[in-house]
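Reader: I am in my first year and would like to learn how to look closely at one part of a protein model. Could you take me through a single pocket and the helices around it, slowly and with the details joined up?

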Amino acid sequence: MIHFSFSSMLITILVSNLLLVFISLLFRNNDVLTKIGFRLTAIFCIITLVRLLLPFEFPFAKTLILPGIVSNPLSVLRHRHNVLPNVWISVWNIIGMIWLIGSICSLICLFYNNWKLKMLIRTNSRDVTTQEPYISILNELCTEKQRKRIRLRTTKFVNVPMIMGLRNAFILIPADIDSSDKEVMFALRHEIYHYVHHDLWLKFAVNCLVAAYWWNPFAHLLSRQIGVLLEMRVDDSIISEGKDTTIGYLACMVHYMGGDPDRDDTSSRYSGLAFEKKSSLSRRFHMIENREQKHNYLLSTVMLLIMVSLYIGSYIFIFENSTYGQEICESNTYVVPSEEDCFAMQNGDSTYTIYFPSWGYSETTDSLEYYPKIKVYSNKEEYNETFKNP
């Protein structure tokens with residue numbers, strides 16, 4: 001049975017952050033990034049995203065009991081306290097509620113900022129879709145269906161060309177930068193590639209996932225790294241056409257770096273994709289310059305095996321906290337009480353509290369599938385009645 005639990009969330013956070021740290025280290029070293037290629041790095045990011053999306057425990061998972069030094073703090077988090085009549089709350093319940101409220105607020109802010117940004121741009125930009133040279137370039141680069149859904153607007157709000165919108169997109173062009181027709185063509189080609197390959201939808205989905213993990217700085221870092229990889233994919237597609245195209249494309253990238261350095265293109269961090277970002281430009285130039293360099297397949301294979309092993313292993317093994325003493329014996333699937341006076345009590349939120357009266361200890365669990373022999377009571381009254389009338 002597939003279910004969500006404290007343990008599945010714990011292993012998801014641990015492994016995902018480990019994968020995120022691994023990816024971050026790759027981005028800090030341009031030489032390693034070149035040796036393994038941006039495509040394999042993108043696979044690493046996809047593996048991490050999938051792990052964050054599926055924080056569940058599967059039937060084939062094998063539970064590993066954490067040592068006492070780790071189990072004790074976790075038991076404190078999960079221990080339920082009677083704060084009001086018939087109301088039992090643990091620290092973990094409070095953390096989960098804060099997490100949920102923060103995720104909802106982050107998603108609301110994401111949608112609101114996207115809407116506010118679109119309104120701001122629409123009122124501070126000019127539609128030039130039907131003007132030359134833009135209309136001629138669009139006719140050359142787009143199909144008729146694509147032309148109907150893409151609008152071009154000039155604005156002083158952005159430093160570099162960028163595209164926004166999901167179903168109906170609009171490309172923003174800096175209004176205060178004089179550009180040749182060739183430079184405009186490369187810029188539009190770059191942004192249209194993003195649109196055709198649904199990169200805007202991908203980035204929006206990633207932003208929604210990051211909003212759900214709003215408290216994790218590594219998740220925000222992953223969003224920026226995926227943005228860089230999307231830019232690298234476009235770069236590689238365009239420069240693959242030959243030397244002349246590469247020279248023209250690089251010249252276009254350098255040209256748009258001549259904008260106002262004090263103006264920050266914060267718009268691209270929401271639902272847009274910028275033609276280039278200054279923080280990642282040197283890394284992209286490095287990848288373009290070393291495009292013909294042969295990949296290190298041994299290094300790539302080793303890294304891929306590490307990532308896949310961590311991903312698969314995180315579903316095979318689940319960590320569970322426990323402060324049981326030596327009185328507990330181990331079964332083939334889990335550990336079960338060896339004393340007959342241990343029992344479980346059903347809580348109102350579909351969880352169970354396991355009581356060990358002999359040791360003065362209790363813990364909360366989401367499922368009793370690992371406690372096949374334990375006696376379950378629906379409430380304290382039933383427990384007391386059982387002992388009064390044996």
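Author: Before we turn to the pocket, it helps to see the whole chain, in which residues 24 or more positions apart account for 71% of the contacts with a separation of 6 or more. Please keep in mind throughout that this is a predicted model. The chain has 390 residues, of which buried residues make up 46%, and it contains 14 helices and 15 strands.

The part to look at closely is the second largest pocket, whose volume is about 510 Å³. Its lining is made up of 27 residues, and those nearest the centre of the pocket are Phe4, Ser5, Met9, Trp92 and Gly96. If you sort the lining residues by character, you find 15 nonpolar, eight polar and four charged. Five elements each supply at least two residues of this lining, namely helix 1 (6-27), helix 3 (38-53), helix 5 (91-123), helix 9 (199-212) and strand 14 (361-365). Helix 5 gives the most to the lining, with eight residues.

From here we can follow some of these elements outward, beginning with helix 3, in which Thr41 is found. Thr41 has a relative accessible area of 0%, and because the cut-off for buried is under 20%, Thr41 counts as buried. Leaving aside the neighbours within four places in sequence, Thr41 is in contact with Phe27, Leu33, Ile36 and Leu229.

Helix 9, another contributor to the pocket lining, also packs against helix 10 (residues 217-239), and the axes of helix 9 and helix 10 come within 9 Å and cross at roughly 170°. Angles over 145 degrees count as roughly antiparallel, and helix 9 and helix 10 are therefore roughly antiparallel to each other. On the helix 9 side the contact is formed by Asp199, Leu202, Val206, Asn207 and Val210, which meet Ala219, His220, Ser223, Ile226, Leu230 and Arg233 in helix 10. The residues of this contact divide into six nonpolar, three polar and two charged.

In the loop between helix 8 and helix 9 you will find His198, which has a positive phi of about 60° although it is not a glycine. With a relative accessible area of 53%, His198 is exposed.

On the other side of that loop, helix 8 (residues 181-196) packs with helix 11 (residues 243-255) at an angle of about 90°, their axes being 9 Å apart. Helix 8 and helix 11 are therefore roughly perpendicular to each other. Here Lys182, Glu183, Phe186, Ala187, Arg189 and His190 in helix 8 meet Thr245, Gly248, Tyr249, Cys252 and His255 in helix 11, and the residues of this contact divide into four nonpolar, four polar and three charged.

Finally, we return to strand 14, which also supplies residues to the pocket lining, and look at the loop between strand 14 and strand 15 (375-377), where Leu368 lies. At 18% relative accessibility Leu368 counts as buried, and, apart from neighbours within four places in sequence, Leu368 is in contact with Ala344, Tyr352, Ile354 and Val376. The C-alpha atom of Leu368 is separated by 8.9 Å from that of Thr351, a residue 17 positions away along the chain.

Notes. Residues numbered from 1 in each chain as written. Predicted model: local features only at pLDDT ≥ 70, side-chain atom pairs only at ≥ 80, totals over all residues. Heavy atoms only, no water. 1 Å grid on protein atoms, 1.4 Å probe; cavity = no way out; pocket = protein on both sides within 12 Å on 5 of 7 lines; lining within 4 Å. Points joined across faces, edges and corners; volume = space filled by probe spheres on them. Helix = DSSP H or I, 4+ residues; strand = E, 2+ residues; numbered from the N terminus. Nonpolar A, V, L, I, M, F, W, Y, C, P; charged D, E, K, R; others polar. Axes fitted to C-alpha atoms, helices over the stretch in contact; angles between N-to-C directions. Parallel < 35°, antiparallel > 145°, perpendicular 65-115°, else oblique. Contact = heavy atoms within 4.5 Å. Buried < 20%, exposed > 50% of the residue type's maximum accessible area, 1.4 Å probe, protein only.
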